[in-house]
Amino acid sequence: MNGVEKRTKNEGAESSTTHVPLSTSQSAISSHRKVIIIGAGSTGLALAHGLKKAGIPCVIFEKEEEPSRKRSWSIALHWGYEPLQYLVPAEILAGLEQAQVDPHIPITENSPLPMVNGENGALIAELKSSKVYRLRRDKFRALLLQGLDVHWGKSLCDIIHYGAGEHVTAKFTDGTEVIGSLLIATDGPHSTTRTLLVGEQAAKVTPTDFASTICYTQHTREHALFLRAHPHHPLYQVGTHPEGYCAWLSLHDGDDIDHPENWTFAHYISFPEPRDHVNQRTMREHVAHQKELARRFVDPWRSVFEWMSPDHEVWYSKLRNWDPSLLEHRWDNRQGRVTLAGDAAHPMTFQRGQGLNHAIKDAYTACRAIESFWNRGDFTIEERAAAIQAYEEEMVMRAGEEVRLSEESTVKLHNWSSVMQSPLIKNGLGVKIK
């Protein structure tokens, strides 16, 4: 096939022009024989470490201007520890405990997560769990950034596929371009790359019939100690309510062990909301709504919301997902030149705590797929295509199932008659379903 094959309407000729940070050599960026990673989140950085360990050149592009965000959150790493262990160097793995929401609490095997009746506080179940690291996303990202160069402020706008099948070109909004042997997009749940591959409509995340308003608060020393002491677990607890709500409370930042007034807590009460509903509450109305729901709950939720200022900034979020196994969501990887991983491939609802683990598994599987052909000398287009196809088949089947299981958990946790049948209770938090 001759000429240029493209996934978008933008025109333009291939160019080697690109912005190169001072810390990156011209030769490293100008060589066409490399892996392009779009997105410097957990998935992209873990993948980059794995490729670096294997001696495979890669370059990372991130649309953020710098490695910091106004908002952070906590994430659970459990069965994803093993693939992470393969990808990252030992010194990064050794830093995991310091990247936790509270680095002072030792991690133990089989530490169950308590789920209580949010109306009366009675213990419903102790959710099965393997060794769980409760990581603060900003600290985990900073850990993974060690030893890697990232090109910040690079927002992807187009991908060009040349007919010979050897290379792919990534184009950025600042007019620069970079050429590589393949491109792996890890650019999050609203992935630009996913839109380029499947089209704007098919790429949209699918809303569920539930939403949440996530709050991050600090409290007096007395109140903070109360929230940590009540009951069952020092880091987190979950409560489902007979009226169809689900509440979460966890420590978000416990670094300052001697000053509880500096601790930050994360908490929300998720609630039914029709998927086509457009929520137009103001910030103050979101807070008032959460406070009203919290009055139906026992402590600690009743108090943690009561103590929150009515003018506090909160984060409203519709629970959404995107199932990569749906026929209308399948993409053409252009002979193994372009693929997706992590939240770009399978954003899921968060109430089964599986997102990070599948993302790290994606990075591992993609890394092994690339290793299978890259270091054999001059690999063929057919070898690359077969390896990426095998990666996608495994990832789509595994993560597509998890998207559906996570949504099922969300639905059943908000229906008192089906709570005990939810995949979260039946299979636990840290147990990978085979």
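**Cysteines, rings and strands: a quick tour**

Okay, let's start with cysteine 58: its sulfur is 9.1 Å from the closest cysteine sulfur, the one in cysteine 367, and that is too far for a bond. Just so everyone knows, what we're looking at is a predicted model. A disulfide, remember, is a covalent bond between the sulfur atoms of two cysteines. The cut-off used here is sulfur atoms within 2.5 Å, and by that rule the count comes to zero disulfides. As for how covered these side chains are, cysteine 58 is partly exposed, with a relative accessible area of 26%. Cysteine 157 is partly exposed too, at 27%.

Now, on to the rings. How many aromatic pairs does the structure hold? There are 11. One of them is tyrosine 268 with phenylalanine 350, an edge-to-face pair with 5.5 Å centre to centre and 75 degrees between the planes. Where do those two sit? Tyrosine 268 is in strand E16, residues 264-272, while phenylalanine 350 is in the loop between strand E18 (338-340) and helix H11 (355-374), so this pair ties together parts that are 82 residues apart in sequence. Tyrosine 268 counts as buried, at 8% relative accessibility, whereas phenylalanine 350 is partly exposed, at 35%.

Next, have a look at phenylalanine 373 and phenylalanine 379. Their ring centres are 4.8 Å apart and their planes are at 70 degrees, so that pair is edge-to-face as well. Both of these phenylalanines are buried. Add Trp374, and you get one aromatic cluster made of Phe373, Trp374 and Phe379.

A couple of arginines come into the ring story too. Arginine 194 lies over the face of tryptophan 322, at 4.8 Å from the ring centre. Then there's arginine 228, whose charged end sits over the ring of tryptophan 263, 4.8 Å from its centre.

Last stop: strand E13, residues 206-217. Is this strand mostly covered or mostly open? Mostly covered: nine of its 12 residues are buried. E13 pairs with strand E17, residues 315-321, in the antiparallel sense, over six bridges. If you want to find that pairing on the screen, look for isoleucine 214, whose bridge partner in E17 is tryptophan 315. E13 is also joined to E16 by five bridges, and those two strands run antiparallel. There, cysteine 215 has histidine 267 in E16 as its bridge partner. And E16 is the strand we met earlier, the one that holds tyrosine 268.

Note on methods
Residues numbered from 1 in each chain as written. Predicted model: local features only at pLDDT ≥ 70, side-chain atom pairs only at ≥ 80, totals over all residues. Heavy atoms only, no water. Phe/Tyr/Trp six-rings, centres within 6.5 Å; stacked < 30°, edge-to-face > 60°. Helix = DSSP H or I, 4+ residues; strand = E, 2+ residues; numbered from the N terminus. Buried < 20%, exposed > 50% of the residue type's maximum accessible area, 1.4 Å probe, protein only. Lys NZ or Arg CZ within 6 Å of the ring centre and 35° of its normal. Pairing = 2+ DSSP bridges.
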